[in-house]
Structures are given as structure tokens and as C-alpha cells.
Amino acid sequence: MSSTSFLGNLKDNLWTNNPIFIQILGICSTLAVTNNLINTSIMTVALVFVTAFSNVTISLIRELVPRKLRMITQTVIISFYVIIVDILLRAYFPEIHKNLAAYVGLIITNCIVMGRMEAFAQANPPLISFWDGFTSGLGYMAVLLVIAVIRELLGFGTLFGVTVFPIYNPVDGSGWFTPWGIMVTPASAFFLLAGIIWAAKALMNRPVAAKAPAPAPQAATVGGKA
Amino acid sequence: MNKNSVIYTIIFGFLTAFIFVVPLSLAYNVTKPVVAFNSEIAKKRAVLASFGLTSAGKPMSNQEIADLYNKVDEKTLDGTNVYIFRSGEDTFYAGRFTVAGLWGPITAVVSFPADLSRVKSMAVISHSETPGLGARITEEWFIDQLREESFVNGMIGVNALPKDRTNKEDGMIDAITGATRTSDAIAQLFKISRTRMEELIRRIP
């Protein structure tokens, strides 16, 4: 359960209870969209919007929802906001919609959105629920952007589509960088995500390890064995 | 009223559906003309891009697109639209064709010179390919390499390794890394669009 203070909640969702590297939620989109920073940015902004507003909506009507309809109500609310995003993109940002339509639709199935409604908004007042949805989205966004920077840079030699590493062309000899083919494929996100989980856990566990030092080695040598 | 009673549950379910679906329906209907207009402009942009009348680096307003589109002649033959553009002595033809991609149909406007010896260019209208992978068929570097590429035995193939992009006579284009199936679909698109265009051109009066 995340903290109900604004600062504590922000810290929880960005670090100590991050939806990606602690709760391991939203992995499908982490693998799918992170080979391109533009797509990742749009997808994560859409998710921040949907999570925040879904949370505040379910929090507002939480006293009215019958137990049997709890999850279906949450799904209707998530779908409502996702379809709103889809309609707005289709009408006013058709180029972005052309590239991202499939993934925007899949926000409905993103575990983070329903997870936050079920774990937090269902039991807390609207304002802090909105904040929880917003910060959960930010936690998701931060991890995806880190992975996207690495994948786009090593996979295409670009950041936001702008060339950073000129790609080597054997025909005219221009450029020097050979793109890492694996970074373009979803498999690379598995490796990077595992690395991020390892790094985050190592950082989190470091102070705990310092407080409880291992027993002194002399105890093991009492019996005469070196 | 008891929140878990059957009556309450039915009323709540009905009201929830009503409250959330009505605004969606309104939003859909309000934006419908805008979406239809965008779709029409996207089609015109695609046709103009396929004839090389617009460039990726030069953004154009919707009005400029509509004005420029007046230079294109449009005919419907057997339910297929054929777009014709005349430049001096030369005549170019384009059509809208669909091929199966990895996740769904890829629809594009493909243009040809009158002798169908080359692809003049291509502009993708819609697709469902993977963002960052197959979706790169819309990017300028991909389109640029296939402009004026010759057909060899009625086909254009895809290379897994980088090719000499200045050679437009070998009938080969570069595949997209990690999107071989989409690249193959584009080769298939050229094959079927050339065959279909050959039939259509014969019928133009």
C-alpha cells in the first residue's frame, strides 16, 4: 500500500514501490514501445492521464459501487478515458494516431491502471487518489524513458529521431556506428529491464546490508579448519 | 437501499453504462467531420507525395494541399481509383493498394511512370505494423531508397544487408532491421500494384 501523504506517495511510486521494477506491472508495453522515444513519450503521457483520471473517478464513486460490479465498473471507467484519448488523437493528431493507435487501445489492459484503482483509489479520497494515479504514471514513464533512450540510441543511433551516432554505410564509407540489431527487438527490453530491476534492488538493499553485518569469520575456524 | 441487492446492482450497472457511453458517443459524433476531413486530406497528401509533388521537409497547409491536388486527374475503373498526373510529355499513374502486413493490412498509394518500368514512389495511408519496427515504412529514408527503383522481372526484392542506394537498376531495396515480414509485404505490394495498374491503364479511354 502506498503512502497517503503526497510526498510519501511520490517517493513510493517513483522508487520504493515503482510499478515497473518493484511491482513488475505494465511489462507488455515496456517491451513493445520502448525502441522509439517519441512513441514512448506519447504512450506514457497517455497512461499518466488515464491512470490519474481513472483513479479520481473511482474514488469519487467508491461508496456507490456494488461489490459484484467493482471490477467491471473499473474497466468501464478505464475504457472511457482510453477511448477519449483515442478520439482526440484521431481527430487532432492524426499522424500520431496512425503510429500509436494499437498501443493506445492497449492501455485498457495495462495492469498499472486497474492495479492502482484496486489497491489505492478504492479506499482513499479523490485528491490523493488522483495524485497516486499521476505519480504511478510518472514512475512508469521514468523507467520506460530510460529503456527507450538506451534502445533507440543503440538500435538506431538516434534520440527522438535525431541522429546522434552516424550509421556506418559500407557503400560510401560514411558514418561509424553499427546499430545493435537486438536493441530494436522487444527481447532487448527484457535484458534492460532485468538490469534496471537488479540495479534498483541493489541500491535499495544496500543500507539494510550495512546495518546487519555478517558474523565474524573467526567463529568458523574454531574447530581447527581453515 | 442495500448496495448488494439485485435491484441496486442492475440500476447501478445501467446508469454507469449510460453515464460513460453517452459522452463517448457525443465526442465521437462531434469529431466525426474532423476525422473525415483528416482522412480526405491524408489521401490527397499521399497521392501528391507519391507523385513527388510534396516533400517531407516542407510542411504544407490543408489549403495548399487542396489547391495542389487540382493538378491530379482522378478516374474510377472497376471500383478502383486511378490518379493521373501529367508533367510535360510524361504521364504518371498511381493507385491505392492494400497488402497483408504483419499485424494487419497496409494501404498505400503507389505511383508508376506510363511504361511501368519503375516505381515512381510510395506513400503509406494506413498500417498496423509495430511502432519503431515495421512502422518505419512511413519514414523518409525508407521511401527515399525505393523512389525510381526499377522492376526486374516484374518484381522488386528486399536486401537483408545495406545496398548501394544510388543503383536504381538492380530491383532491390533495403529491408528494415527487425521487420523482415513488413519489408516482404512492401515487395509484395509493388508486385500486385504493378500487375493491377497494368490492367487498369489498358482500360483508360
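Visitor: Over how many bridges do strand E4 (residues 105-113) of chain B and E5(B) pair in the antiparallel sense?

Guide: In this predicted model, local features need pLDDT of at least 70, side-chain atom pairs count only at pLDDT 80 or more, and totals for chains, interfaces and linings use all residues. Residues are numbered from 1 along each chain as its sequence is written, chains are lettered from A and ligands numbered from 1 in the order in which they are written, and side-chain values use heavy atoms, leaving out hydrogens and water. Strands (DSSP runs of E, at least two residues; helices are runs of H or I, at least four; both numbered from the N terminus) pair if DSSP finds at least two bridges between them. B:Ser111 stands opposite B:Ser121 in E5(B), and the bridges between E4(B) and E5(B) number 5.

Visitor: Which are the edge strands of the sheet in chain B?

Guide: The open sheet has 5 strands with antiparallel pairing, in the order E1-E2-E3-E4-E5. An edge strand here pairs on one side only, and that description fits strand E1 (73-77) and strand E5 (121-126) of chain B.

Visitor: What angle does the direction of H1(B) make with that of E5(B)?

Guide: H1(B) packs on the sheet, touching E1, E2, E3, E4 and E5 of chain B, where contact means heavy atoms within 4.5 Å. Angles run from 0 to 180 degrees between N-to-C directions, with axes fitted to C-alpha atoms, for helices over the stretch in contact. For H1(B) and E5(B), the angle is about 165°.

Visitor: At roughly what angle do the axes of helix H1 and helix H2 of chain B cross?

Guide: Among the residues that meet are B:Phe37 and B:Ile41 in H1(B), with B:Ile65 and B:Leu68 in H2(B). The two helices are oblique to each other, a word for angles that are not under 35 degrees (roughly parallel), over 145 (roughly antiparallel) or 65 to 115 (roughly perpendicular). The axes of H1(B) (residues 6-50) and H2(B) (residues 62-69) come within 10 Å and cross at roughly 55°.
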